[in-house]
Protein chains: 2
Amino acid sequence: MLKITRKVEYALIALSQMQLNGDESLTSVKEISQQNDIPYELLAKTMQLLAKAEIVEAVKGPQGGYRLKKDPTDIKMTTFFEIIEGPMGFMDCSFDSNCHQIRSCSIRTPIQRINDSIRNMFNNISLNDITRTT
Amino acid sequence: MLKITRKVEYALIALSQMQLNGDESLTSVKEISQQNDIPYELLAKTMQLLAKAEIVEAVKGPQGGYRLKKDPTDIKMTTFFEIIEGPMGFMDCSFDSNCHQIRSCSIRTPIQRINDSIRNMFNNISLNDITRTT
DNA sequence: AAATAAAGGACTAATTAGGTCGTATATATG
DNA sequence: CATATATACGACCTAATTAGTCCTTTATTT
Ligand code: SF4
Ligand code: SF4
């Protein structure tokens with residue numbers, strides 16, 4: 001019910017390593033996948049998500065790779081999760097999909113309260129809090 | 001990554017309804033499943049988990065059903081989740097299953113910090129906070 | 001005895017997560 | 001300019017987890 005997914009884990013590892021390599025230097029998917037024993041293709045896709053969200057910047061061609069584009073300190077974990085897992089992503093009931101008894105449901109409101117608390121918590125944790133190496 | 005499961009949802013609805021029916025009276029799975037349009041068998045199993053954990057008490061035979069055994073105020077949500085979803089259940093990386101690079105992993109500790117925060121949060125929410133009807 | 005309700009095991013279906021493959025595009029460098 | 005190398009991206013497959021069903025047993029009331 002509450003486990004980080006591989007894609008999130010891989011992205012965190014990648015960013016952590018990129019911070020280690022320094023803000024200016026480029027880090028390739030190959031490098032990260034080999035050093036951390038992460039499936040290349042999957043990591044590649046994940047990095048593409050981060051690139052599209054402009055968390056990182058891609059440089060193609062030989063000696064290419066990724067470098068940080070935004071300061072990890074400025075990225076909330078909520079944002080980060082949603083970049084990788086798509087919108088929603090957070091604790092909620094299935095009211096969106098097919099629930100036909102929303103109005104009569106007694107537990108929805110308290111569940112949403114929990115949801116809000118979790119969101120709030122992840123809003124106050126920055127990407128840097130996880131990936132910083134110092 | 002963070003959505004309550006059906007079993008948890010069903011259990012919460014059931015307990016909520018039982019509280020509504022009063023502490024002494026018996027509520028049957030049939031009754032709950034019909035009134036809330038929940039698959040009978042699945043709810044039955046879930047109730048059996050709660051019975052085994054002595055959250056509720058089962059009474060067999062005609063006019064039987066379940067009644068609360070413990071005060072929902074005294075049950076932490078962490079406990080509740082783990083009764084239904086089994087141990088672990090909470091946010092963590094996959095270090096337990098097959099990770100062979102635990103010692104070199106840089107993100108594990110911060111992930112565990114998050115894990116602890118979430119656990120802590122759910123330790124401070126009681127079942128009653130969700131299921132109370134007042 | 002018959003009906004009713006929980007207990008529980010075995011199984012199937014649906015959904016999601018995890019991973020692979022093939023191809024296109026950009027670019028540094030000899 | 002050819003080649004090697006890197007990201008981009010869509011289609012696809014597989015594994016794992018969740019959700020749901022079926023069937024038999026056991027206890028208990030009437
Ligand atoms: S019944 Fe309530 S908890 Fe379940 S999906 Fe609908 S609104 Fe959400
Ligand atoms: S310890 Fe690190 S590498 Fe291993 S599963 Fe956890 S996050 Fe992944």
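1. Symmetry. A turn of 180 degrees, with a shift of 0.0 Å along the axis, lays chain B on chain A at an RMSD of 0.0 Å. The superposition is by least squares on C-alpha atoms of residues with pLDDT of at least 70 in both copies. The two copies are thus related as by a two-fold rotation axis. B:Leu2 has the C-alpha of chain B nearest the axis, 2.5 Å from it. The same surface serves both copies: 100% of the contact residues of chain B recur in chain A. Contact means heavy atoms within 4.5 Å.

2. Basis. This is a predicted model, in which local features need pLDDT of at least 70 and side-chain atom pairs pLDDT 80 or more, while totals for chains, interfaces and linings use all residues. Residues are numbered from 1 along each chain, chains are lettered from A and ligands numbered from 1 in the order written, and side-chain values use heavy atoms, without hydrogens and water.

3. Core. The largest nonpolar core holds 76 residues. Such a core is a set of buried Ala, Val, Leu, Ile, Met, Phe, Trp, Tyr and Cys residues joined through side-chain atoms within 4.5 Å. A:Leu50, A:Phe80, B:Leu50 and B:Phe80 touch the most other members. Beyond its neighbours within four places in sequence, A:Leu50 contacts residues including A:Ala11, A:Ile55, A:Phe80 and A:Ile84.

4. A buried glutamine. A:Gln17 lies in helix α1 of chain A (helices are DSSP runs of H or I, at least four residues; strands are runs of E, at least two). A:Gln17 is buried, with a relative accessible area of 10%; buried means under 20%, with a 1.4 Å probe and protein chains only. Its side chain makes a polar contact with the side chain of A:Asn36 at 2.7 Å. A polar contact is a pair of N or O atoms within 3.5 Å; within protein, one must be able to donate a hydrogen and the other to accept it, and residues adjacent in sequence count only if both atoms are side-chain atoms.

5. Surface near DNA strand C. 27 residues surround the strand; A:Arg6, A:Pro62, B:Lys45, B:Gln48 and B:Tyr66 are the closest. Near means a heavy atom within 4 Å. α3(B) gives the most to this surface, four residues.

6. Contacts to DNA strand C. Of the strand's atoms within 4 Å of the protein, 63% belong to sugar or phosphate and the rest to bases. A side-chain N or O atom of B:Tyr66 is 2.3 Å from a phosphate oxygen. A polar side-chain atom of A:Lys45 lies 3.0 Å from a base oxygen.

How values were computed
Buried means under 20% relative accessible area, exposed over 50%, partly exposed in between (1.4 Å probe, protein chains only).
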